[in-house]
Amino acid sequence: MRIIKASDYNELSRKAANVIASQVTMNPDCVLGLATGSTPLGTYKELIERYEKGDLDFSRIKSVNLDEYRGLTKESDQSYYYFMHNNLFKHINIDPENTNVPDGTQPDSQKECTRYEGIIHSLGGIDLQLLGLGHNGHIGFNEPDQAFAPVTHCVDLAQSTIDANKRFFASADEVPRQAYTMGIGTIMKASRILLVVSGEDKAQILRDVLFGPITPQVPASVLQLHKDVIVVADKAAASKF
Ligand code: GLP
């Protein structure tokens with residue numbers, strides 16, 4: 001595991017963008033696993049700027065997103081599809097046909113999970129997976145649990161996640177109670193993982209993730225077992241180690 005400490009959020013975003021940019025440059029038809037949340041926003045802005053300068057070409061890149069709220073349509077401004085479209089896809093030359101986000105509207109959740117896991121498999125797996133970190137150690141929407149989930153599945157969101165994400169909705173009642181997420185097994189099969197963490201409020205959980213016991217109660221702690229993880233944390237998030 002490589003840990004890069006950045007002085008602030010802007011430097012974190014540039015360093016994370018460097019990792020993704022080198023992946024895209026070295027392997028222009030690779031599969032990128034992408035994430036939502038506020039932490040990757042600066043990274044996406046950096047990538048857009050580099051694309052606009054002519055330094056990056058996404059025309060042959062394929063993408064798979066980590067997760068999606070169950071019940072939200074692509075048009076809902078809180079869906080992760082909408083987030084990805086607005087914060088990245090519409091600003092770069094990725095082919096929309098090559099982008100994948102779980103379908104929140106599919107009524108048969110098992111069918112959707114099987115379909116999504118099948119897409120990742122048919123693309124040959126994920127070359128580089130970008131991850132943010134939840135305050136309870138979740139990655140994607142893999143909440144603290146008794147076991148690590150092997151594949152894409154439908155989860156009941158933890159109350160702490162609903163509380164953390166309600167800032168994006170008109171009220172807490174509007175936050176969906178369920179979501180689709182890649183499993184921990186799906187994520188761990190990615191060839192390389194890039195974890196981005198910002199802010200003092202993540203300092204304790206980041207320390208637990210990187211140096212604490214490996215346990216499904218802290219889902220991201222499993223990353224200690226992955227052979228190629230890069231962690232980019234700002235000074236505040238890295239202040240406890
Ligand atoms: C959501 C997403 C996660 C993300 C987390 C942290 O719950 N499902 O993938 O990592 O939020 O988000 P933020 O970066 O806004 O703290």
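**Notes on the cavity, the pockets and the ligand**

1. Starting with the inside: there is 1 cavity of 30 Å³ or more in this structure. Keep in mind that we're looking at a predicted model. About 40 Å³ of space lies in that largest cavity.

2. What lines the largest cavity? The residues are Ile 20, Leu 32, Leu 34, Leu 47, Phe 58, Ile 61, Ser 63, Leu 88, Ile 92 and Ile 94. By class, that lining comes out as 9 nonpolar and 1 polar, with no charged residues.

3. Now the pockets. The largest pocket has a volume of about 670 Å³. It is lined by 34 residues, and those closest to its centre are Thr 36, Gly 37, Ser 38, Asn 165 and Arg 167. The lining splits into 13 nonpolar, 16 polar and 5 charged residues.

4. Which helices and strands each supply at least two residues of the lining of the largest pocket? They are strand S4 (67–69), helix H3 (80–87) and helix H5 (159–165). H5 gives the most, with 4 residues.

5. On to the ligand: the space it takes up is the largest pocket. There are 13 residues around the ligand, and Ser 38, Thr 39, Asp 67, His 138 and Lys 202 come nearest. Ser 38 is worth a second look, being among the nearest to the ligand and also among the closest to the centre of the largest pocket.

6. How does the shell around the ligand divide by class? It has 3 nonpolar, 7 polar and 3 charged residues. Set beside it, the lining of the whole largest pocket has 13 nonpolar, 16 polar and 5 charged.

7. Some ligand distances to check on screen. With Lys 202, a side-chain N or O atom is 2.7 Å from an oxygen atom of the ligand. With Gly 140, a polar backbone atom is 3.2 Å from a nitrogen atom of the ligand. With Leu 133, a backbone N or O atom lies 3.4 Å from an oxygen atom of the ligand. As for cover, the ligand on its own has 390 Å² of accessible area, and the protein covers 95% of it.

8. Don't skip the second largest pocket, which has a volume of about 220 Å³. Of its 15 lining residues, Lys 74, Tyr 81, Thr 99, Asn 100 and Val 101 are the closest to its centre. Strand S5 (99–100) and helix H4 (109–122) each supply at least two residues of this lining. By class, the lining has 6 nonpolar, 5 polar and 4 charged residues.

9. To pull this together: the ligand takes up the space of the largest pocket, with 95% of its accessible area covered by the protein. The cavity, with about 40 Å³ of space, has no charged residues in its lining, whereas the lining of the second largest pocket includes 4 charged ones.

Terms used: Residues numbered from 1 in each chain as written. Predicted model: local features only at pLDDT ≥ 70, side-chain atom pairs only at ≥ 80, totals over all residues. Heavy atoms only, no water. Near = heavy atom within 4 Å. Polar contact = N/O pair within 3.5 Å; in protein donor to acceptor, adjacent residues only side chain to side chain. Areas by Shrake-Rupley, 256 points an atom, 1.4 Å probe, with all protein chains shown as cover. 1 Å grid on protein atoms, 1.4 Å probe; cavity = no way out; pocket = protein on both sides within 12 Å on 5 of 7 lines; lining within 4 Å. Sits in = over half its atoms within 2 Å of the grid points. Nonpolar A, V, L, I, M, F, W, Y, C, P; charged D, E, K, R; others polar. Points joined across faces, edges and corners; volume = space filled by probe spheres on them.
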